[in-house]
Amino acid sequence: MASQKDENIQVVGHERFGFDSRAETKTLRSLYLSPSANKDLDANSQNQEYGSQSTYDKASNTVKYTTLANFPPVRLLPNSERKRILVTGGAGFVGSHLVDRLMLLGHEVTVLDNFFTGSRTTVSHWVGHPNFELVRHDVVEPFLIEVDQIYHLACPASPPHYQYNAVKTLKTSFQGTLNMLGLAKRTKARFLISSTSEVYGDPEEHPQREDYWGHVNCIGPRACYDEGKRVAESLTYGYSRQDGVEVRVARIFNTFGPRMNPYDGRVVSNFIIQALKGEDMTVYGDGSQTRSFQYVHDLVDGLILLMNSDEERPVNLGNQDEFTILEFAEAVRDIVEKVQKEKGNPLAKRVNIIHKEIPQDDPQRRRPDTTRAKETLQWQPQWSVRQGVEEMVRYYYTQIEEKKL
Ligand SMILES: O=c1ccn([C@@H]2O[C@H](COP(=O)(O)OP(=O)(O)O[C@H]3OC[C@@H](O)[C@H](O)[C@H]3O)[C@@H](O)[C@H]2O)c(=O)[nH]1
């Protein structure tokens with residue numbers, strides 16, 4: 001897991017396409033990392049005034065919730081620059097990081113979420129802020145609001161979650177996208193959909209470029225998500241051609257970071273939690289299948305750039321560093337051991353890596369060709385996988401320590 005640069009990244013985001021998305025990493029971290037984990041990564045980190053809404057008391061095994069009087073300072077934007085932004089799935093893993101960024105930048109943000117896989121706690125630090133609104137709503141039902149931009153992220157994304165109720169996943173992808181495109185048409189809002197690398201299925205071309213049409217088993221267990229997202233893309237371009245809706249399509253490759261549901265079954269959270277708890281790490285199959293993992297702040301940078309650019313074609317957003325799953329398991333184990341040692345809490349013995357049956361239709365190789373994102377958005381990931389995994393390990397470490405997991 002060679003890292004390109006492991007220095008502390010102080011600022012994320014860009015000033016481009018008339019939209020300034022820069023934010024200080026320490027401010028973002030204060031919204032999801034505990035003060036001690038934050039200090040470990042950055043000795044100059046702010047003392048957290050707003051990120052921590054609950055305090056765990058070991059002696060009494062109680063947790064104290066505080067209604068926050070303080071919000072993180074948000075940028076003051078002139079009316080002409082302040083946008084009304086809707087984020088569907090805004091209480092999910094990716095959505096909540098996007099919401100943090102858009103809020104810090106000074107925009108008015110409305111989050112729609114049915115909390116099926118998202119959680120109110122991911123955005124609770126903004127509840128009560130005058131620029132923020134949280135609405136429990138399922139996108140399969142119409143929703144009316146006046147907005148300038150729509151980030152349509154709502155859909156379960158982890159294979160066990162999206163397969164749990166396949167029909168609902170398809171309905172969310174189709175009906176939900178139809179409703180949000182209808183809203184974009186009526187309000188003339190710009191519409192961005194979070195599509196996925198899964199539209200390429202088990203790819204026969206490597207790496208995957210946006211003009212590759214994919215290799216999807218339309219009757220397999222993954223089809224509800226893969227075909228759901230494919231039809232969602234078709235709908236999106238239908239509205240663009242027929243109704244002139246301004247559309248943006250992000251094909252998101254494997255993404256990880258803090259606030260990922262630790263039990264959603266995806267590989268990064270599974271491996272970290274298993275290693276932290278001293279349990280066997282479960283590699284599916286022989287572990288020779290590959291993935292390329294991007295850190296969530298890079299994805300948020302890419303989504304905002306894409307939304308504000310002129311690029312109407314689909315754009316891959318992902319990290320190009322490709323690992324076999326077995327290599328990745330070993331790398332995660334090393335990082336977890338490093339953090340445990342630093343915390344003076346090493347495990348008595350190294351966790352084992354064991355093998356389990358590989359799920360049907362599991363893609364064998366996956367790596368994005370990100371030439372288009374580089375050329376049209378001037379975007380490329382700045383976080384190494386190691387930096388991201390380490391931050392995520394520290395996040396889960398304190399969650400376990402504080403008995404939140
Ligand atoms: O405990 C585990 C979990 C997963 N895996 C393997 O790790 C690889 C990655 O699995 P994940 O479940 O994290 O993610 P997948 O790549 O299968 O799907 C993901 O693709 C891109 C996104 O759109 C979605 O978030 C998700 O569907 C797979 O080969 C899987 O079989 C393990 O070896 N062990």
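With 10 C-beta neighbours inside 10 Å, Lys403 counts as exposed. The model is a predicted one. Lys403 sits in the segment after α11, and its phi is positive, about 60°, although the residue is not a glycine. Because a residue with 12 or fewer such neighbours is classed as exposed, the count of 10 for Lys403 falls in that class.

**Helix α11**

The helix that precedes Lys403 covers residues 385–401. α11 has 17 residues and reaches 24 Å from its first C-alpha to its last, close to the 24 Å expected at 1.5 Å a residue. Its buried residues are Val385, Gln387, Gly388, Val389, Glu391, Met392, Val393, Arg394, Tyr395, Tyr396 and Tyr397. The elements that cover them include two strands, β13 (255–256) and β16 (294–295). Helices also contribute to this cover, including α2 (35–41), α7 (267–276) and α9 (325–342).

**Helix α7 and the ligand shell**

α7 is mostly covered, with 9 of its 10 residues buried. These are Val267, Val268, Ser269, Asn270, Phe271, Ile272, Gln274, Ala275 and Leu276. Among the elements that cover them are β13, β14, α9 and α11. α7 is thus listed in the cover of α11, and α11 in the cover of α7. After α7 comes Gly278, with a positive phi near 75°.

Which residues come nearest to the ligand? Of the 20 residues around it, these are Thr196, Arg266, Val267, Asn270 and Tyr284. Two of those names, Val267 and Asn270, also appear among the buried residues of α7. The elements that give two or more residues to the shell are α7 and β14 (281–284). β14 supplies the largest share, 3 residues. By residue class, the shell divides into 9 nonpolar, 7 polar and 4 charged.

**Nonpolar core**

The largest nonpolar core has 96 residues, and those with the most contacts inside it are Ile150, Phe191, Ile272 and Leu303. Helix α8 (residues 296–308) gives the most to this core, with 8 residues. Leu303 touches Leu98, Tyr151, Leu192 and Ala250, when residues up to four places away in sequence are left out. Ile272, another of the residues with the most contacts in the core, is one of the buried residues of α7.

**Annotated domain**

An unreviewed UniProt entry lists residues 86–392 as "domain: NAD(P)-binding". Over residues 86–392 the chain is 38% helix and 17% strand. The C-alpha atoms at the two ends of this range are 27 Å apart.

**Helix α6**

Two residues of helix α6 (residues 223–243) can be set side by side. Gly228 lies in this helix, and so does Asp243. Are Gly228 and Asp243 buried or exposed? Gly228 is buried, with 26 other C-beta atoms within 10 Å. Asp243 has 12 C-beta neighbours inside 10 Å and therefore counts as exposed. Gly228 touches Thr169, Leu170, Ser173 and Phe174, not counting residues up to four places away in sequence. Each of the two residues also has a listed partner further off along the chain, as the table shows.

| C-alpha pair | Residues apart along the chain | C-alpha separation |
|---|---|---|
| Gly228 and Val167 | 61 residues | 9.8 Å |
| Asp243 and Leu181 | 62 residues | 9.9 Å |

**Backbone geometry in the loops**

A cis peptide bond joins His206 and Pro207, with omega about -10°. Pro207 is in the loop between β11 (190–196) and α6.

Arg259 lies in the loop between β13 and α7. Its phi is near 80°, a positive value in a residue other than glycine. Is the surrounding of Arg259 such that the residue is buried or exposed? Arg259 is buried, because 23 other C-beta atoms lie within 10 Å. Lys403 likewise has a positive phi without being a glycine, but Lys403 counts as exposed.

Key
Residues are numbered from 1 along each chain as its sequence is written. This is a predicted model: local features need pLDDT of at least 70, side-chain atom pairs count only at pLDDT 80 or more; totals for chains, interfaces and linings use all residues. Helices (H or I, at least four residues) and strands (E, at least two) are DSSP runs, numbered from the N terminus. The expected span of a helix is 1.5 Å times one less than its number of residues. A residue is buried if 20 or more other C-beta atoms lie within 10 Å of its own, exposed if 12 or fewer, and partly exposed in between; C-beta atoms are placed from the backbone. Two residues are in contact if their C-beta atoms, placed from the backbone, lie within 7 Å. A nonpolar core is a set of buried Ala, Val, Leu, Ile, Met, Phe, Trp, Tyr and Cys residues joined through C-beta atoms within 7 Å. UniProt positions are given in the numbering used here, feature names are shortened, and annotations may be inferred rather than shown by experiment. A residue is near a molecule or strand if its C-beta atom, placed from the backbone, lies within 6 Å of it. Ala, Val, Leu, Ile, Met, Phe, Trp, Tyr, Cys and Pro count as nonpolar, Asp, Glu, Lys and Arg as charged, and the others, Gly among them, as polar.
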